Amino acid sequence: MTFLQLLPLLFVLAGLILYTVLAGADLGTGAWQLSTRDHGLRSRVYDSIGPVWEANHVWLIFVLTVLWTAYPSVFAAVCITLVVPLFLAAVGLILRGTAYALHGASNGPDDHREIDAVFGLSSVFTPFALGAVVGGIASGRVPPGGGGDQWTSWLNPTSILVGVLAVVLGAYLAAVQLAADAVRIGDDVAAAAFRRRALASGVLAGAVAVGGLVVVHADAPRLFHGLTHGAGLACVIVSVLLGLLALGLVWRRRLDPARFAAGAAVAAIVAGWAVAQRPDVLPGLTVAEAAAPTSTLVAVVVAVVAGGIIVFPSLGLLFGLVLGGRLDRPRPAEPAAIPAGRRVRAGLLGRVALACFVAGAGLTVFGPGPALLAVGIVLVLAAAPLGFLAALPAVPEESR
Amino acid sequence: MGGITALAAVDQHYLDQARQMQALSFAVHIPLVCFGMAFPVLVLFCEWTALRTGSEVHLTLARRWSRVLVALFAVGVVTGTILSFEMGLLWPHFTGTFGSVFGLGFAIEGFSFFVEAIFIGIYVYGWDRLSPRWHLASGIPIAITGVTGSFMVIAVNGWMNHPQGFRIVDGRVTDVRPVHALFANTFMWHEFVHMYLASFIVAGFALAACYAVALLRGNTSRYVQVALTIPLTAAAVAAPVQVLVGDWAARTVAERQPVKLAALEGLGQTTTGAPVHVGGWYSDGEVHFGLPIPRLLSILAAHDPNATIRGLSSFPADVLPPVNVVRLAFQTMVGLGLAMALLAVCYLWVRFRRGRAPRSPWFYRAVVLAGPAAVVALIAGWVTTEVGRQPWVVYGVMRTADAVTGASGIPVGYGVLVLVYAGCAAAVWWILRRLAGKPFPDRPSEVPEEVGTT
C-alpha cells in the first residue's frame with residue numbers, strides 16, 4: 001500500500017469525524033427539541049443551528065463523493081449490503097431538512113408543533129440509521145463483492161449499539177453546544193437547562209460507550225481486539241480521558257472549552273474504530289486493492305487540497321462569526337455606502353444588447369467551425385445581462 | 001451477462017421502478033438547483049440596487065427573498081444528498097465500476113456546495129450584523145458556487161452521454177484519466193449553457209408568476225411591481241437566447257447521438273430531406289396523426305434541406321430508447337420553450353418600444369402560466385436527454401440494466417419515497433398558503449406592515 005492509496009481514506013475519515021462531531025451535534029439538537037414544551041428552549045434550538053446547519057451536513061456529501069471516487073468498489077459493496085439503513089437515513093434527512101426549511105418559513109416555535117415533532121423525530125432516527133451502517137461495516141458484515149444479508153447486516157448487536165451511541169453522543173454534543181450558546185447570548189435559564197441535559201447525556205453516553213465494549217467483545221471479536229490493543233487502545237483511552245475532562249468542564253460551567261473537549265472525545269472514538277479495523281477496509285479487502293488508479297487518486301488529492309484551501313478559511317470565517325456572537329445581535333443601521341455610478345442610457349444599452357443577440361444568433365446558427373460557434377454563444381449570452389439592465393425601469397425618485 | 005462490472009452482475013426485475021425512483025428524486029431536486037443558480041443573482045441584484053439608490057423596496061425584497069432562498073437551499077441540500085445516496089443504493093455497479101472515472105466531478109461539486117452552504121449561512125444570518133458592503137460581498141460566493149457546482153454535475157452528465165478518458169481491457173476499466181474524461185469533454189458545454197439559462201427562466205418565471213397573481217388580484221403596490229419586474233425581466237432576456245442554445249444542443253446531439261436524434265423526431269426510416277412531425281404518436285416505424293413540416297429536421301440538424309438523417313430502423317433494436325417518451329418530452333420542452341420565448345419577446349417589445357410594463361391582464365395571466373410551464377419544460381428537457389440516453393447508463397459502454405442494484409424491495413422503497421415527497425410537497429404548499437396571508441417580519445423587531453405575497 002502506498003501513501004497515495006491511503007491518503008484519500010484519511011480524508012474520508014477526517015470528513016467522517018467532522019460529520020460526526022458537527023452534524024452529530026446538529027442532529028442531536030432534535031432530541032432536545034422533543035424533550036421540552038418550553039417555547040424559549042425550542043426557539044434556542046433552531047437559532048443555534050441556523051447559520052451552520054447546511055455547512056455541517058455537506059460533510060456527508062464530501063465523505064460519499066471522495067469514497068466513491070477513490071474507493072468505488074467499497075462504496076458499491078456498502079451500498080449493496082446496507083441498502084435498507086442507508087435508505088432509511090436518506091428518508092430521515094429529507095424529513096428533517098424539509099421540517100427545518102418549513103420552520104424557517106413559519107413564525108417560530110409553537111407556530112406549527114407538527115413541524116417541530118417531525119424535526120425532532122427525524123433528528124433521532126437519522127443518526128441511528130447511520131450508526132447502524134457504521135456498526136455493520138465495523139463488525140465485518142459487509143462482504144467486498146456485495147451480497148451481505150440485507151437485514152442482519154444492520155439489525156445486529158454492534159449496529160444497534162453504534163446507532164444508539166450515535167444518538168446519545170449527538171445529543172450530548174448538542175446539549176453542550178446549546179448551553180454554551182445560551183451563555184454567550186446571556187440566556188441563563190436556557191443555559192442552566194441545557195447544562196443539566198449535558199451532564200445527564202454525557203454520563204449516559206459514557207455508560208453506553210463503556211458498556212458497549214461488552215457487546216463488541218461478544219459480537220465482533222476482531223473489532224474488540226483492535227480496540228483493546230495498540231493504537232486502537234490509545235484512541236479509546238484518549239477518548240475516555242477527554243470525555244471525563246469535558247464532563248468536568250461542564251460541571252465547572254466552563255462551557256466553551258467543554259464543547260471542544262467533547263468534540264475531541266467523539267473524534268477519538270471514530271478514529272479508534274478506523275485504527276481497530278486496519279488493515280482491511282472490508283473483510284479481506286485491503287486499502288491497496290480497493291484504491292482507484294493512481295491518476296484518479298492524484299486528481300482527488302489535488303481537488304481536496306485545493307478545495308480545502310477555499311473551504312477551511314470560509315468555514316473559519318463562518319464559525320468565527322458564529323462563536324464570536326457576530327450573527328447574534330443586529331448592529332446599528334448604517335447609511336448605504338455605495339455611490340451611484342454613471343448611468344448609461346437605457347436606450348443605448350438596449351441597442352447594444354440587440355446587436356449582440358443578432359450577431360451572436362447568426363454565428364451560432366450558421367457559423368462554420370467551433371471557434372465561431374463559441375464566439376456566437378458568448379455574444380448571445382452577453383446579450384442577456386445587457387438586455388436585463390436595459391429593460392429594467394430606473395428606480396424612481398419617490399421610492400428613495 | 002452483458003457489459004462490464006467490477007462486481008457480480010444481478011438480475012433485477014424492478015429496473016423500471018429503480019429508474020423511476022431516480023427520476024422522481026431528480027425531478028424534485030432539479031427545480032431547486034435552478035433556484036440555487038439564479039435566485040442568488042436576483043437577490044444580490046436587489047441588494048446592490050438598494051445600496052446604490054437607497055431604495056427601501058429593493059432592500060425589503062432582498063431581505064424577504066433571502067429567507068425564501070435559504071429555505072429552498074435547505075431542501076436542495078437534502079434532495080441533493082438523496083441523489084448521492086441513490087448513486088450507490090440504486091446503481092452500485094455504475095458507481096463501483098466507473099467511480100474512479102467520473103467521481104472527481106462530484107467531489108469538486110461537493111466543495112462548491114460547501115462554500116455555497118457556508119456563505120448562505122453568513123449572508124442570510126448577516127443582515128444588520130455585517131456592514132452593508134460586506135453583507136453584499138458575502139453573497140457573491142453563493143452566486144459563483146451555484147454555477148461551479150452545476151458545472152461539475154453537468155460535466156459528469158456530459159461524460160455519461162459521451163464517455164471518454166478510460167479504456168476497457170478484458171472487461172476492466174483501465175488507463176483512467178479523470179480530468180480528461182470530465183473537462184476535455186466537448187459534450188458538456190451545450191448542456192451547461194442550456195441549464196444555466198434554464199435556471200433563470202425557471203426561477204424568473206416562477207417568482208414572476210407569484211407576483212403576477214398578486215397583481216391580478218388587485219395589489220398594484222410598488223413592492224409587487226418591482227418584485228414582478230426583476231424576475232420577469234431576467235426570464236425574458238434568457239428565454240429567446242435559450243432557443244438558440246437549444247438549436248446548438250440539438251445539432252450536437254445529431255452529430256454525436258444519432259439514435260437520440262431519430263428518437264426525438266420518431267424517424268423510423270433513414271430519410272433524405274427528413275420532416276418534423278408536430279404532435280402525434282410513434283408506432284410501427286412512423287409517426288401517426290402528427291402535423292408534418294417537410295424537410296425541417298434536415299434543415300435543423302444539418303442546415304441542408306436535402307440532408308440524409310438516419311432512421312431508427314438503421315440501428316440495432318437493443319440500443320433504441322423508448323421513442324414515445326423521448327419524443328413527447330422533447331416536443332413538450334420545445335413547445336413550452338418557444339411559447340415562453342414568444343411571451344418574453346412581447347414583454348421586451350412593450351418595454352423597449354413603449355417604455356412601460358404591459359397593461360393587459362392577459363399578459364399577466366400568461367406569466368402566471370409561464371411559472372409552472374418553465375418547471376415542466378425543465379423536467380421535460382432532462383427526460384429528453386436522460387431517457388434518450390437509454391438503454392445506456394454510460395453511453396455505448398454500460399447498460400442501465402447492468403448498473404442496477406440487486407437489492408430486493410425496490411417497489412417498497414419507491415413507494416416510501418413517493419409518500420415522503422408527496423407529504424413534503426403538501427407541507428410546503430400548506431405553509432406557503434399560510435405565509436401568503438401572514439408574511440414573516442422583515443426585521444426581528446418589526447411587525448409586517450405592507451401586504452406582500454411570496
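## A buried threonine, a cavity and the cores

In this predicted model, the side chain of Thr233(B) reaches back to the backbone oxygen of Thr229(B), at 2.6 Å. Thr233(B) belongs to helix α7 of chain B, which covers residues 222-256.

So is Thr233(B) buried or exposed? Thr233(B) counts as buried because its relative accessibility is 0%, and the cut-off for buried is under 20%. Look at what surrounds this threonine once neighbours within four places in sequence are set aside: Phe388(A), Ala391(A) and Leu392(A) from chain A, plus Tyr347(B) from chain B, are in contact with Thr233(B).

Now for the holes. The structure has three cavities of 30 Å³ or more, and the largest of them comes to about 50 Å³. Which residues line the largest cavity? Chain A gives Tyr19(A), Trp53(A), His57(A), Leu60(A) and Leu93(A), while chain B gives Val77(B), Val78(B) and Thr81(B). Two helices each put at least two residues into that lining: α3 (53-70) of chain A and α2 (56-89) of chain B. Sorted by class, the lining has six nonpolar residues and two polar ones, with no charged residues.

On to the packing. Nonpolar side chains in soluble globular proteins tend to be buried together. Here the largest nonpolar core takes in 263 residues. Which of its members touch the most others? Those are Trp65(B), Phe85(B), Phe94(B), Phe98(B), Phe102(B) and Trp159(B). Take Phe94(B) as a case: leaving out residues up to four places away in sequence, Phe94(B) touches Met87(B), Gly99(B), Phe102(B), Trp159(B) and Met160(B), and also Val393(B), Val394(B), Met398(B) and Ala403(B). There is a second core too, separate from that one, with 19 residues, among them Phe187(B), Ala274(B), Leu297(B) and Ala301(B).

The two cores look like this side by side:

| Core | Residues in core | Some members |
|---|---|---|
| Largest nonpolar core | 263 residues | Trp65(B), Phe85(B), Phe94(B) |
| Second, separate core | 19 residues | Phe187(B), Ala274(B), Leu297(B) |

Finally, chain A as a whole. Its secondary structure adds up to 15 helices and two strands. Taken along the principal axes, the C-alpha atoms of chain A fill a box of roughly 80 × 55 × 35 Å. Chain A has 400 residues, and 56% of them count as buried. What share of its contacts with a separation of 6 or more joins residues 24 or more positions apart? For chain A, that share is 78%.

Notes: Residues numbered from 1 in each chain as written. Chains lettered and ligands numbered in written order. Predicted model: local features only at pLDDT ≥ 70, side-chain atom pairs only at ≥ 80, totals over all residues. Heavy atoms only, no water. Helix = DSSP H or I, 4+ residues; strand = E, 2+ residues; numbered from the N terminus. Buried < 20%, exposed > 50% of the residue type's maximum accessible area, 1.4 Å probe, protein only. Polar contact = N/O pair within 3.5 Å; in protein donor to acceptor, adjacent residues only side chain to side chain. Contact = heavy atoms within 4.5 Å. 1 Å grid on protein atoms, 1.4 Å probe; cavity = no way out; pocket = protein on both sides within 12 Å on 5 of 7 lines; lining within 4 Å. Points joined across faces, edges and corners; volume = space filled by probe spheres on them. Nonpolar A, V, L, I, M, F, W, Y, C, P; charged D, E, K, R; others polar. Core = buried A, V, L, I, M, F, W, Y, C linked by side-chain atoms within 4.5 Å.
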